[in-house]
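Please walk through this structure one region at a time, keeping the sequence and the 3D view side by side.

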Amino acid sequence: MDRIAVEGGTPLEGTVRVHGAKNAALPILAATLLAEGVCVVEDVPDLQDIRVMVDILRALGASVDYSPPVVRVDARRISRTEVPEELMRQMRSSIFLMGPLLARYCHARVSRPGGCTIGSRPIDLHLKGLAALGASIDEVHGYIDCQTRRLHGAAIYLDTPSVGATENLMMAAVLAEGTTVIGNAAREPEIVDLANFLNRLGARVEGAGEDTLVISGVQGLIGGRYAIIPDRIVAGTLAIAVSMTGGDVTLENVRPNHLGAVLTKLREGGVEIETGRDIMRVRSDGKLRAVEQVRTAPYPGFPTDLQAPFMALLSVAPGMSIVAETVFEERFKHVSELCRMGANIRVDLRTAFVQGVPRLTGAVVQASDLRAGAALVLAGLVAEGTTVVEQAHHIDRGYQQFDEMLRGLGARVRRLSQS
Ligand SMILES: CC(=O)N[C@H]1[C@@H](OP(=O)(O)OP(=O)(O)OC[C@H]2O[C@@H](n3ccc(=O)[nH]c3=O)[C@H](O)[C@@H]2O)O[C@H](CO)[C@@H](O)[C@@H]1O
Ligand SMILES: C=C(OP(=O)(O)O)C(=O)O
């Protein structure tokens, strides 16, 4: 298992291009199954989860040419509608195969998906929504078997604005007979990206980015070419890193308007940020202020995926900051590791009280999941001495060559590979 070693104390300087968004690319690659022609998807990041999605598409019989950052999928000769269990288990996004397989082939057999262990992560909203669209669903021996004669439009209300359920149901509804209305839909930029991709192929999805989606089913989708949006979580992580270390970094290929809540909190913490349409400059002298309250929430709220990296920042911001995690019930696993590095954080249920300390000290710490791992690398960038982040494979699920990206900005970061 790889580890990442970080020597703290170097300000970050320079320019970096942010790669395409993992959380947009994954559902879009699943959606290529819906097309009757070839799809070419550009700016797909080179990440472990993407490789798993490519393996799944190939296992189903699609012909996939994967030359990062471009993926070409020809799904005209699908031979199988069951996703192999060993691939299902490797990531949460394997659940995205359900909607497209059902819509196009009237059958899908999957097991429960894997993914970051940040809470119980049920899939009840996916299953309830698919049932409303006309799927009959049986769950036995750990497998979920769904079939239908043809999906039909329905009025669906999501009890919580689940990103994954919104995407799965959108993909199922584009080929359903009639109109589907999804109420309390998620509004994340990745939802808009998926809707834009589907519409490029001839689907009729309206309202993406708002809380009600209206999807008018069509007979079939054609192929097409599409470029994925920049990864707002990678951009946010880098902006937080610069804010902590001090320095001056220009991020290219970003959409600052996707980062509203994060930029507000960084400015509150004393960081200077200039934004253009797809560029952002972050400047900091490394002297941060505590922020009163960070509360994660569905978009446009503060993203739960940046809660851990932001907590690394707050752990060295003088004063008391309060962080409330409202999206996932077990997303504080980085706290014990930050405390191992000298942070002063107390957790009460889903609220963390962070008392900023003057300095962190390097230690051997464990990445429990993707964003927790990134947070520990960020903490290492400002810690005295050496930090070794174990289980670095979690970080590779969401950041393309994170160590190299940071080295390019002057950080002293090394990957220690173990066979
Ligand atoms: C691949 C991808 O895009 N992953 C993102 C996606 O995950 P994911 O799509 O899994 O997250 P959801 O938006 O579905 O989850 C939000 C909340 O809804 C609950 N829930 C979800 C589905 C369901 O059927 N029932 C239910 O109760 C979850 O337990 C959680 O508490 O959105 C999360 C929230 O922004 C991000 O942290 C993940 O990075
Ligand atoms: C939780 C995440 O990913 P996933 O939903 O794929 O587990 C994430 O990207 O932070």
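An angle between two helices is taken here between their N-to-C directions and runs from 0 to 180 degrees, each axis being a line fitted to the C-alpha atoms over the stretch in contact. The model to which this is applied is a predicted one.

With that in mind, consider helix H1, which spans residues 22-31, and helix H2, which spans residues 48-59: they pack with their axes 10 Å apart and at an angle of about 0 degrees. Because angles under 35 degrees count as roughly parallel, H1 and H2 are described as roughly parallel to each other. On the H1 side the contact is made by Lys22, Ala25, Leu26, Leu29 and Ala30, which meet Asp49, Ile50, Met53 and Leu57 of H2. Sorted by character, the residues of this contact comprise seven nonpolar and two charged ones, with no polar residue.

A second region to follow is an open sheet of three strands, in which the order is E6-E8-E7 and the pairing is antiparallel. Strands E6 and E7 (136-140) stand at the edges, and since each has a single partner strand, one side of each is left without a neighbour in the sheet. From one strand to the next, the twist averages 15 degrees. Strand E8, covering residues 143-147, runs antiparallel to E6 and is joined to E6 by five bridges; as one point to locate in the view, Ala108 has Cys146 in E8 as its bridge partner. Across E6 and E8 lies helix H4 (residues 98-105), which runs at about 155 degrees to E6.

Following the chain onward from E6 (107-111) leads into the loop before helix H5 (124-132), and Cys116 has its place in that loop. An unreviewed UniProt entry lists Cys116 under "modified residue: 2-(S-cysteinyl)pyruvic acid O-phosphothioketal". Is Cys116 buried or exposed in the model? Cys116 has 22 other C-beta atoms within 10 Å and is therefore classed as buried, the cut-off for that class being 20 or more. When residues up to four places away in sequence are not counted, Cys116 touches Arg92, Asp369 and Leu370.

Finally, Ala227 belongs to strand E13, which covers residues 224-227. With 15 other C-beta atoms within 10 Å, Ala227 is partly exposed. Its contacts, leaving aside neighbours within four places in sequence, are with Glu42 and Asp43. Asn184, by comparison, is 43 residues from Ala227 in sequence, and the two are 27 Å apart in space, C-alpha to C-alpha.

Terms used: Residues numbered from 1 in each chain as written. Chains lettered and ligands numbered in written order. Predicted model: local features only at pLDDT ≥ 70, side-chain atom pairs only at ≥ 80, totals over all residues. Helix = DSSP H or I, 4+ residues; strand = E, 2+ residues; numbered from the N terminus. Buried ≥ 20, exposed ≤ 12 C-beta atoms within 10 Å, placed from the backbone. Contact = placed C-beta atoms within 7 Å. UniProt positions renumbered as here; feature names shortened; annotations may be inferred. Pairing = 2+ DSSP bridges. Parallel < 35°, antiparallel > 145°, perpendicular 65-115°, else oblique. Nonpolar A, V, L, I, M, F, W, Y, C, P; charged D, E, K, R; others polar.
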